[in-house]
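Grab the viewer and let's work through a few exercises together. Try each task yourself before you read the solution below it.

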Amino acid sequence: MISVEEYVSQVTAGIAPLPAEEQPLESALGTTLVASIEARVAVPPFTNSAMDGFAVRADDVHGASKDAGVNLPVLEDVAAGSTANGTLKPGFATRIMTGAPLPEGADAVVKVEDTNIEPGPVQMPDQVTIFSAVQPGTNVRKAGENVAVGDLIFEAGITVTPQVLAAAASVGYGKLPVIPKPRIAIISTGTELQDPGSELAHGQIPDSNGIMLDALARSLGAEVTYRGRTGDEPQHLEQMFTEAGRCADLIITSGGVSAGAFDPVKIVGKTHNFNFEKVAMQPGKPQGHGVINVDDRAVPVMCLPGNPVSVYVSFMLFVRPIIGILAGRPGSKLQAVPALAGASFKSAKNRRQYAPMRAELSTSGITVYPTHSQASGSHLIATLHQATGLVVVAADVDEVAQGDLVQYIPL
């Protein structure tokens with residue numbers, strides 16, 4: 001058997017970030033930015049009103065109060081989106097809407113609530129009475145006060161979030177240079193597998209691995225471009241490898257990697273020189289990986305065990321870092337923190353255990369509890385959803401007592 005660390009090194013060797021490309025903002029969410037971005041447009045791009053109200057010269061309303069309003073004739077209306085370059089004459093006011101460009105000569109905006117004009121859609125008045133004095137700059141957004149043209153907005157390497165998309169649009173970008181989302185193909189193997197929700201004959205089980213792997217991949221920002229399921233026929237799996245390889249950057253299989261007489265992944269994998277290993281871990285000891293060549297493309301393949309909890313743990317330990325590298329986010333290692341065992345449980349002998357656990361936080365720290373009395377049985381998928389992370393137990397420990405210190409990986 002080899003260690004988890006040795007196997008991680010094996011499967012990530014030769015994996016590189018996907019080639020960068022320019023993508024429209026609408027499709028760039030979750031990708032990785034590959035270049036620094038400077039503002040092409042100032043924010044705000046022009047000096048504008050922060051309120052619905054009246055643009056004025058502050059000197060013209062000096063001394064205005066609730067008891068002594070100042071009357072000014074209204075020169076014009078300026079709505080948001082106006083491209084006119086208006087000018088405000090001394091002794092006049094301009095009715096202005098939020099976001100509209102401030103007329104030249106105006107240096108403040110009196111909000112409509114501080115005048116005798118009703119807020120809302122009313123006809124422009126000939127005159128306005130202003131009941132509040134203002135200082136120059138009141139309710140005014142100055143051009144470039146957020147960022148100026150040429151300011152650095154993003155560093156390369158960040159993940160594109162909704163906030164990044166909004167900021168990029170505001171500074172003049174419709175596309176961004178990014179590493180695209182990795183395209184993932186998922187193949188479940190096993191004649192016993194049936195569609196979730198369908199009626200099951202004796203000896204059949206629902207395919208929970210396919211839907212779980214799909215969701216796990218998408219939760220990491222990947223795009224699932226192929227979903228398939230095969231029985232124990234090697235020729236069918238070979239055909240699916242070819243189909244999947246044409247639309248994916250990584251293929252993930254589940255099942256068919258152990259010591260069974262009908263394990264199709266092992267049979268097909270050997271024809272492609274896949275590497276099958278026994279990893280010193282529980283659950284998830286049987287593992288495999290390799291490469292298939294489709295249309296002059298070398299597509300990596302990760303072959304996970306078939307038991308669902310093994311699939312989950314194997315994905316987190318081995319597939320997650322590969323997707324991170326493909327997406328341009330290497331080094332996203334799982335981090336363990338100390339915790340106390342809230343209950344006793346047995347561990348595998350001579351293999352490092354990764355037990356799904358539920359964590360509770362208190363003033364004394366983190367306490368973890370098994371999600372099932374069997375702690376980490378590889379088939380216990382129906383209680384996996386209760387887990388908030390994995391507890392790591394060293395290979396030389398075969399039993400954890402209540403109150404023992406353990407290492408907990410939040411997920």
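**Exercise 1: the five-stranded sheet**

Asn-71 has Thr-129 as its bridge partner in E9. This is a predicted model, where local features need pLDDT of at least 70 and side-chain atom pairs count only at pLDDT 80 or more, while totals for chains, interfaces and linings use all residues. Residues are numbered from 1 along each chain as its sequence is written, and side-chain values use heavy atoms, with hydrogens and water left out.

Task: work out how strand E6 pairs with E9 and with E7, then place the strands in their sheet.

Step 1. Get the terms straight. Helices (H or I, at least four residues) and strands (E, at least two) are DSSP runs, numbered from the N terminus. Two strands pair if DSSP finds at least two bridges between them.

Step 2. Look at E6, residues 70–78, beside E9, residues 127–130: four bridges link them in the antiparallel sense. Val-70 sits opposite Ile-130 in E9.

Step 3. Now turn to E7, residues 93–96, which pairs with E6 in the parallel sense over three bridges. Here Val-78 faces Ile-96 of E7.

Step 4. Put it together: five strands make an open sheet with mixed pairing, in the order E8-E5-E7-E6-E9. E8 (108–111) and E9 are at the edges with a single partner strand each, so one side of each has no neighbour in the sheet. From one strand to the next, the twist averages 40 degrees. (Angles run from 0 to 180 degrees between N-to-C directions, and axes are lines fitted to C-alpha atoms, for helices over the stretch in contact.)

**Exercise 2: the six-stranded sheet**

Task: find which strands stand at the edges of the sheet with six strands.

Step 1. Write down the order, E16-E13-E17-E21-E20-E18; this sheet is open and its pairing is mixed.

Step 2. Read off the ends: E16 (223–230) and E18 (275–278) each have a single partner strand, so one side of each is left without a neighbour in the sheet. The twist here averages 20 degrees from one strand to the next.

Step 3. Check a pair inside that order. E17 (residues 250–254) and E21 (residues 297–304) run parallel and are joined by four bridges. Ile-251 has Val-301 as its bridge partner in E21.

**Exercise 3: two helix pairs**

Task: how do H4 and H5 lie to each other, and how do H3 and H6?

Step 1. Take H4 (residues 234–245) and H5 (residues 264–271): their axes come within 9 Å and cross at roughly 60 degrees.

Step 2. Apply the cut-offs: angles under 35 degrees count as roughly parallel, over 145 as roughly antiparallel, 65 to 115 as roughly perpendicular and the rest as oblique. H4 and H5 are therefore oblique to each other.

Step 3. Repeat for H3 (residues 208–219) and H6, whose axes come within 11 Å and cross at roughly 30 degrees. That makes H3 roughly parallel to H6.

**Exercise 4: a pocket**

Task: what lines the second largest pocket?

Step 1. Know what counts. On a 1 Å grid over the protein atoms alone, a pocket is an open set of points where a 1.4 Å probe fits, with protein on both sides within 12 Å along at least five of seven lines; lining residues have an atom within 4 Å of a point.

Step 2. Note the volume, about 440 Å³, where a volume is the space filled by probe spheres set on the points, and grid points are joined across faces, edges and corners. Of its 20 lining residues, Val-8, Leu-317, Pro-321, Lys-333 and Leu-334 are the closest to the centre.

Step 3. Sort the lining by element: H1 (4–12), H6 (308–326) and E24 (352–362) each give two or more residues. H6 gives the largest share, five residues.

**Exercise 5: odd backbone spots**

Task: where are the cis peptide bond of Pro-44 and the positive phi of Asn-273?

Step 1. Val-43 and Pro-44 are joined by a cis peptide bond, with omega about -10 degrees. Pro-44 lies in the loop between E3 (37–38) and E4 (48–49).

Step 2. Asn-273 is not a glycine, yet its phi is positive, about 60 degrees. Look for Asn-273 in the loop between H5 and E18.
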